[in-house]
Amino acid sequence: MSPTSPSDDRLIVAADLPNALAGLQLAEQLGDAVSFYKIGLGMLTGGGLALANELKQDHGKRIFLDLKLFDIGATIENAVRGLAQFDLDFLTVHGDPHVVRAAREGVGGKEMKILAVTVLTSLDRADLDAALITPGDIPDLVTTRAARAFEAGADGVIASPQEAAMIRALPEAHGKLIVTPGVRPAGSALGDQKRVATPAQALKDGADHIVVGRPIWAAPDPRAAAQAILQDMNS
């Protein structure tokens, strides 16, 4: 497979940009080098759903809608049912079992995959202590949350590269997806991420998809940056 093949959708580019116009300009710069985009909460009021639809329907891209939904079950089910009608590929919810179960109900017969957030990759143990989260090492908490999310019906989980191998080893993880943000090419600034790995290492440790944002869209040549990451992934 060529590193720039549009079928190599293991790389998901996070379009963490102010609005849909900027997101569309990025997609035009990247062209066929990238086939999968993440659109997050930050762009929702800037036309994020419209961008998702345009990239999916008009440009044939795969779309990961990263909203990290959390609410009572009925609200989650209704929200997911509404989003599923857009025929997007991935949607994130928080990994609490009641949320995951409600999201599965909301998907119905659609093919959209529900990905459960375990512990945000921007958090460390001090952050969890401040939020009154149960004591324990983050890798152990992530692995336990992942297993419970799988049991509740999640199609996959979001976890840092540093926990990917532990999750992949779970019996519950058989046939499930592991998607890893917090991926940085060697030498890149960490930004707001605290638990990171290089693209090749994340895949080696069991990730199915890696999510990269700033190192691509903030680069002087985003397409070249994406191609360099794809080369690293295939090394």
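Which residues of strand β7 (residues 177–180) are buried on one side, and which on the other? The close-ups below start there; keep in mind that this is a predicted model.

**View 1. Strand β7 is covered on both faces.** Look at one side of the strand and you meet L177 and V179; the other side carries I178 and T180, and all four are buried.

**View 2. Strand β7 has a parallel partner in β6 (residues 156–158).** Three bridges hold this pairing together. To find one, pick out I158: its bridge partner in β7 is V179, one of the buried residues from the view before. Between the two strands comes helix α7 (residues 161–168), and β6, α7 and β7 together make a right-handed β-α-β unit. Helix α7 packs on the sheet, where it touches β6 and β7, and its direction makes about 170° with that of β7.

**View 3. Strand β7 also pairs with β8 (residues 209–212).** Here the pairing is again parallel, this time over two bridges. T180 stands opposite I210 in β8.

**View 4. Eight strands close into a barrel.** Go round in the order β1-β2-β3-β4-β5-β6-β7-β8 and the pairing is parallel. Neighbouring strands are turned by 25° against each other on average, direction ignored. And where do β1 and β8 come together? Strand β1 (residues 11–14) pairs with β8 in the parallel sense, over three bridges. One spot to look for is I12, whose bridge partner in β8 is V211.

**View 5. Helix α3 (residues 73–84) lies across three strands, β3, β4 and β5 (113–117).** The helix runs at about 165° to β3.

**View 6. Three phenylalanines, F36, F64 and F90, form one aromatic cluster.** A search of the whole structure turns up two aromatic pairs. In one of them, F36 and F90 sit 5.1 Å centre to centre with 45° between the planes, a tilted arrangement. F36 belongs to strand β2 (residues 36–40) and F90 to strand β4 (residues 90–94), so this pair ties together parts that are 54 residues apart in sequence. Both F36 and F90 are buried. For F64 and F90, the ring centres are 6.0 Å apart and the planes stand at 65°, so this pair is edge-to-face. It links distant parts of the chain as well: F64 is in strand β3 (residues 62–69) and F90 in strand β4, 26 residues apart. F64 is buried, just as F90 is.

Note on methods:
Residues are numbered from 1 along each chain as its sequence is written. This is a predicted model: local features need pLDDT of at least 70, side-chain atom pairs count only at pLDDT 80 or more; totals for chains, interfaces and linings use all residues. Side-chain values use heavy atoms; hydrogens and water are left out. Buried means under 20% relative accessible area, exposed over 50%, partly exposed in between (1.4 Å probe, protein chains only). Two strands pair if DSSP finds at least two bridges between them. A crossover is right-handed if, with the strands pointing away from the viewer, the path from the first strand over the helix to the second runs clockwise. Rings of Phe, Tyr and Trp (its six-membered ring) pair if their centres lie within 6.5 Å; planes under 30 degrees apart count as stacked, over 60 as edge-to-face and the rest as tilted. Axes are lines fitted to C-alpha atoms, for helices over the stretch in contact, and angles run from 0 to 180 degrees between N-to-C directions. Contact means heavy atoms within 4.5 Å.
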